[in-house]
Amino acid sequence: MRKWIYILLASFLMLLYRPPSFVMADAQGVLTADSKKENITVTLKKPAGENDAVTSLRFWMYVSVSEGSTKQPSFQFSEALKSSEKIVSSAAVTKQGSVYTADIVVAVKDFDIFKNGGQAVIGTLTLQPSDTFRAQAGLAGVSGAQSGQPVLQYVSARGQAVQSVPIAGVRPVECTKSADGTAQNPSGPSDSQGTVIPNLPVTSGQGTPGQGTPGQTGTPGQDGTQTAPGEDESQTPGTDTGAKPGSGQDSAQTFDKKKALTLKLSVKNSTGRITFKWSRAAGADGYQIYQYDPDTGKSRRIKTILNPDKTSYSKEMEYGTAYSFRVRAFQTLKNNKRSYGRFSQVMHTVTAPAKVTGVNISRRSLSKTVISWKIKGAAEGFQIYRSTGRNGKYTRIKTMAKGTARKYTGIRQTRGRVYYYKVRAYVTGTDGKRIYGKFSSVKKM
């Protein structure tokens, strides 16, 4: 193999496996979309203060689908990069719930990626949406986390260490498509003109005001019924228990139907309970929480809150499951009908996996032990802990990064010594961090 190939692969692997050194200088970026809002091109500007040529870089993108569906997005590198014969590249796309994450890495030998005026078109993310579609595409943090600042990791021509810098000045792109196949212009300033504008990161617990389906005058049915996004429901006058016409603390004129609420979701380790928190709407008489199905594009109302001052709610859900939700405010009019505000942005979360059960330990040989377990529901992996005392300090001895794993055969233990074992499952949350289930009962061998 030629020497330059070794060097190129080394730069590529550094980006994948070596911990980065964080520096203060920013890179710049902009996302531009075509007229159909299906092709999003990424342009990056060289990190400030970097005087050497940049030969390798890595960053992450996300596509958060709030309505409709899309085939798995793909990323194509620009012709300027692909024209080099000395290129190693990767654009792995994964899916968690209704969020796609693209891990984009490129290394080019003897080629300054930012040679053209300090900026470069890296490539284009392509969507293949359904007839009715709404999503947000943006740059993400480390490992694809939507929360926090987008990050660029890179290696200079010196190749001494991986540097990590924030990407400033890049705004997500709103991708919408109507049933007739035409792209729709989202509310708010356009980000498809190629200009660098202030960054508005999307987090796993915070929506962006001004998005969602415009509210209309309508009336609610019973909780739990299926409704299409933004659909109004009918109600017979007098059946709305607890809500009085115009009972909001502010006057009727202050209720803004065009204003979307901000929704935050949180889940704790070892529990399937989801906590909802949202911003209060002036003039509202209550709120409705909807569970959203990204596969069908439909919503199911799970709770109606008839107290305008109540801005939180919690509900027990299935373990180890990805969920999507949104919330809207309403005002009760004098004719007992309701006027609805705009939906919040669809927010995503994942509940903790169930408690591991059925732990069994058997001896494979004098020094080798096999441990097996069971779990109800989904998980992404498992952790095995061991201690020399039942109530002593437990140390993690193995992480099984496979949700289908149900045993581990590689445990070694000293002959004649008693060990205590316990196992727990985990899933990855929308912020990229692990959420753990309860530990199993302790077993000894």
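The following exchange goes through aromatic pairs, nonpolar cores and a sheet in a predicted model.

Trainee: How many aromatic pairs does the structure hold?
Mentor: A pair of aromatic rings is described by the distance of the centres and the angle of the planes. Phe75 and Phe77 form one such pair, with 5.2 Å centre to centre and 80° between the planes, an edge-to-face arrangement. The number of aromatic pairs in the structure is 11.

Trainee: Is Phe75 buried or exposed?
Mentor: Buried means under 20% relative accessible area. Phe77 has 8% relative accessibility and counts as buried. Phe75 has 7% relative accessibility, so Phe75 counts as buried.

Trainee: Why is the pair of Tyr290 and Phe343 edge-to-face?
Mentor: Planes over 60 degrees apart count as edge-to-face. The ring centres of Tyr290 and Phe343 are 5.2 Å apart and their planes stand at 85°, so the pair is edge-to-face.

Trainee: How many residues apart in sequence are the parts that Tyr290 and Phe343 tie together?
Mentor: Tyr290 is buried, with a relative accessible area of 1%, and Phe343 is buried with a relative accessible area of 1%. Tyr290 lies in strand S17 (residues 286–293), while Phe343 lies in the loop between strand S21 (338–340) and strand S22 (347–350). The pair therefore ties together parts whose separation in sequence is 53 residues.

Trainee: Which residue lies over the face of Tyr340?
Mentor: A charge over a ring has NZ of Lys or CZ of Arg within 6 Å of the ring centre. Lys422 lies over the face of Phe439, at 4.3 Å from the ring centre. Over the face of Tyr340, at 3.7 Å from the ring centre, lies Arg328.

Trainee: Which strand gives the largest share of the largest nonpolar core?
Mentor: That core has 39 residues, and Phe59, Met61 and Ile122 touch the most other members. The largest share of this core is 6 residues, and they come from strand S4 (residues 54–67).

Trainee: How many residues are in the other core, the one with Phe255?
Mentor: This core lies apart from the largest one. Its members include Phe255, Ile305, Tyr323 and Ala329, and its size is 21 residues.

Trainee: Which strands stand at the edges of the open sheet S15-S16-S19?
Mentor: The 3 strands of this sheet pair antiparallel, and 5 bridges join strand S16 (residues 273–278) to S19. One side of each edge strand is left without a neighbour in the sheet, because each has a single partner strand. The edge strands are S15 (263–267) and S19 (312–316).

Trainee: Which residue in S19 is the bridge partner of Lys277?
Mentor: S16 and S19 run antiparallel. The bridge partner of Lys277 in S19 is Ser312.

Key:
Residues numbered from 1 in each chain as written. Predicted model: local features only at pLDDT ≥ 70, side-chain atom pairs only at ≥ 80, totals over all residues. Heavy atoms only, no water. Phe/Tyr/Trp six-rings, centres within 6.5 Å; stacked < 30°, edge-to-face > 60°. Buried < 20%, exposed > 50% of the residue type's maximum accessible area, 1.4 Å probe, protein only. Helix = DSSP H or I, 4+ residues; strand = E, 2+ residues; numbered from the N terminus. Lys NZ or Arg CZ within 6 Å of the ring centre and 35° of its normal. Core = buried A, V, L, I, M, F, W, Y, C linked by side-chain atoms within 4.5 Å. Pairing = 2+ DSSP bridges.
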